[in-house]
Amino acid sequence: MLKLHHHPMSAASRFVRLVLAEYGERCELVEERPWERRREFLVLNPAATLPVLIEDNGPPIVGGIVAGEYLDETRGAFQRDKRLMSEKPLERAEARRLTEWFLKKMESEVTRYLIRERVFKLEMRAEDGGGAPDASAIRAARANLKHHLRYLGWLVEERDWLAGPKLTYADIAAAASLSTLDYIGEVPWDSEPHAKDWYVRVKSRPSFRMLLSERVRGLPPSLNYGELDF
């Protein structure tokens, strides 16, 4: 049995959930607020970061990219044409590069700030860092998002999918990250039609349905969040 400690607006958590759904794996979800530093959670991951995947009460598998590699080795390698990693080494390398791009680089420049300021601060107590959003952080993240969206648009204009001819972890990572921002209406889709068309394709997959149906307490999604054709 798989158990995932996650937050519904954590991009890396969404990445792991989408991978599990693509592979048809069921998983028990445990929602965490990592800023609360719950004792039982710190035992699993002293860094108090998400996600943390556990299988059959085994040792914790910490981080979205690490969990993704674990799932590729234990599930994906047996999926043949449904595997989310290419059989070709160079295509695997490109998928890994872009997975890291969206789950690390974009996270550090965009996602972390917009989600923290617009979502997490609503859930945090004042002593944990909650309070009014930082307008300067939001402005900087929005400016950075334009560059990432432009790069994504360029990739899908040149390729069928982000890392090559088929869906891979790269697409799942990018879609997971953008879906959190799309929930709060922060993605200027009309500025990058190629990126928008790609997102519609990923968003229409059965694995995405769970995300589109979920709601964050006290924070309704943007009008187009659940729409497959927007």
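With which side chain does the side chain of glutamate 32 make a polar contact at 2.9 Å? It is that of histidine 5, and the close-ups below work towards that spot. This is a predicted model, where local features need pLDDT of at least 70, side-chain atom pairs count only at pLDDT 80 or more, and totals for chains, interfaces and linings use all residues. Residues are numbered from 1 along each chain as its sequence is written, and side-chain values use heavy atoms, with hydrogens and water left out.

**View 1. Four strands make an open, mixed sheet.** The order is β2-β1-β3-β4, with strands taken as DSSP E runs of at least two residues and helices as H or I runs of at least four, numbered from the N terminus. Two strands pair if DSSP finds at least two bridges between them. At the edges sit β2 and β4 (61-62), each pairing on one side only.

**View 2. Strand β1 has a partner on either side: β2 and β3.** Residues 2-6 form β1, and four of the five are buried (buried is under 20% relative accessible area, exposed over 50%, partly exposed in between; 1.4 Å probe, protein chains only). Five bridges tie β1 to β2 (residues 27-31) in parallel. Leucine 4 has leucine 29 as its bridge partner there, while lysine 3 stands opposite glutamate 28. With β3 (residues 52-55), β1 runs antiparallel through four bridges, and histidine 5 is partnered by valine 52.

**View 3. Helix α1 links β1 to β2.** The chain leaves β1, passes through α1 (residues 11-22) and enters β2, a right-handed β-α-β crossover: with the strands pointing away from the viewer, the path from the first strand over the helix to the second runs clockwise. Helix α1 lies across both strands, at about 155° to β1. That angle is between N-to-C directions, on a scale from 0 to 180 degrees, using axes fitted to C-alpha atoms (for helices, over the stretch in contact).

**View 4. Glutamate 32 is tucked into a loop, buried at 3% relative accessible area.** The loop runs between β2 and α2 (39-44). Besides histidine 5, the glutamate 32 side chain makes a polar contact with the side chain of arginine 38, at 2.4 Å. Polar contacts are N or O pairs within 3.5 Å; within protein, one atom must be able to donate a hydrogen and the other to accept it, and residues adjacent in sequence count only if both atoms are side-chain atoms. Leaving aside neighbours within four places in sequence, glutamate 32 is in contact (heavy atoms within 4.5 Å) with His5, His6, His7, Arg38, Phe41 and Leu50.
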